[in-house]
Amino acid sequence: MVIATNVDDFDTGSSEDLEVEDEEEIVTQVKGRHVESGHKTLLRSSPLYQYILETSVYPREAEVLKELRELTEQHAWNMMATPPDEGQFLMLLLRLMNAKKTLEVGVYTGYSLLCTALALPPDGKVIALDISREWYDIGAPVIQKAGVAHKIDFREGPAMDNIDILLRDETNHGSFDFIFVDADKDNYLNYHKRLMKLVRVGGLIGYDNTLWNGALVAGPDDPLPKYLRYFKSYILELNSFLAKDSRIQISQVPISDGVTLCRRLF
Ligand code: SAM
Ligand code: CA
C-alpha cells in the first residue's frame, strides 16, 4: 500500500482525514490543491497502454484501419497519425451522435478520416481538408478498398481558405454535426472563431493534441524539442480560451495527446 507523504506540508490536520481510494493510490483535496501519490497519469505507463491496445483496441480494429495504420507506420512522419485508441474513441462519439455531416481539418494519410467515414451512415459526408494531397494519396487506396470513398470530399489547400469558402455558403452555417481539428496548432484559435459558425447547436468540435506531450507544464528551463516549445504558447492560449468560452460545454479528454471536446450550446 502506498502511504501519502508530505500531508503535514499542507497543514490539514491528521492523516486520518485522508480518504483512501484503493490500495495503490491515495488521492485527496487539501485546501483546494489536488494531491496524489503513485503514478501521475495512467498512460505514462507503456505496458498499460500496450495492454489497452491489445485488449480493447486491436481486436476490434477493422482490417482496413489496421492496413492503413501499418502502411502509415512506414512513412517518415508517422508520429503525426491518430493512434488507434483515439480513432476508436472518435468512432464511438460519431455513432453516439448519429453524425451525418462532418469536417476534418488535417488528414495526413487518413487514419482519423477513415475512422470517420466508417462510422458515418451510408449517406453521411465528411469534408476533409489538408495542404498535402501527396500524404492523402498514400492512404487513398485503402480508403477506396474500404468502400467509403464516396463519403469523403477531400479539398487540398490551406484549411483556413477552405473553411472561409464553406462559410460563404450560408447553408453550411450550423450544419456540421462533428468537426475534428488536427492541423496547424498556431491556427486553432482562428479555426475556433470560424468553426463555431459551422458546427450545429448540440454538435461537437474536437481539438486534438491539447495536452501537447505534457510540454504545457514544463518549466522555462526544461529541455524541449523546438516544435513543442514553439507551439506550446498557442495550445496554452487555446486551452484558456476554451475554458472561458460560454458558448460551449467542454471536456479535456486525456486520451492520446489530449483531445478537447467542445459542444456548442447556442
Ligand atoms: N488526423 C490525421 C491522422 O489521423 O493521421 C493527422 C493529421 S497531421 C497531425 C496534421 C496534418 O495537417 C498534416 O497532414 C498537414 O499537412 C496538415 N496541415 C498542416 N497545416 C495545414 C494547413 N494550414 N491547412 C491544411 N492542412 C494543414
Ligand atoms: Ca493529432
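This report looks at the overall fold of a predicted model and then at how helix 3 packs in it.

## The chain at a glance

Eight helices and nine strands make up the regular structure of the chain. Of its 266 residues, 31% are buried. If you take the contacts with a separation of 6 or more, 66% of them link residues 24 or more positions apart.

## Helix 3 up close

Helix 3 covers residues 84-97. Its 14 residues reach 20 Å from the first C-alpha to the last, close to the 20 Å expected at 1.5 Å a residue. Right after helix 3 comes N98, and its phi is positive, near 55°.

Which residues of helix 3 are buried? They are P84, E86, G87, Q88, F89, L90, M91 and L94. The cover over these buried residues includes helix 1, helix 2 (63-73) and helix 4 (111-119), along with strand 6 (176-181) and strand 9 (259-264).

## Where helix 1 meets helix 3

Two packed helices are described by the angle between their axes and the distance between the axes. Here, the axes of helix 1 (residues 46-57) and helix 3 come within 10 Å and cross at roughly 45°. Helix 1 is therefore oblique to helix 3, as oblique covers angles that are not under 35 degrees, over 145 or from 65 to 115. The crossing of helix 1 past helix 3 is left-handed.

On the helix 1 side, I52, L53 and V57 make the contact, and on the helix 3 side it's P84, D85 and Q88. Sorted by class, the contact has four nonpolar residues, one polar and one charged. P84 and Q88 also turn up among the buried residues of helix 3.

Key: Residues are numbered from 1 along each chain as its sequence is written. Chains are lettered from A and ligands numbered from 1 in the order in which they are written. This is a predicted model: local features need pLDDT of at least 70, side-chain atom pairs count only at pLDDT 80 or more; totals for chains, interfaces and linings use all residues. Helices (H or I, at least four residues) and strands (E, at least two) are DSSP runs, numbered from the N terminus. A residue is buried if 20 or more other C-beta atoms lie within 10 Å of its own, exposed if 12 or fewer, and partly exposed in between; C-beta atoms are placed from the backbone. Two residues are in contact if their C-beta atoms, placed from the backbone, lie within 7 Å. Axes are lines fitted to C-alpha atoms, for helices over the stretch in contact, and angles run from 0 to 180 degrees between N-to-C directions. A crossing is left-handed if the near helix is turned anticlockwise from the far one by less than a right angle, and right-handed if clockwise. Ala, Val, Leu, Ile, Met, Phe, Trp, Tyr, Cys and Pro count as nonpolar, Asp, Glu, Lys and Arg as charged, and the others, Gly among them, as polar. The expected span of a helix is 1.5 Å times one less than its number of residues.
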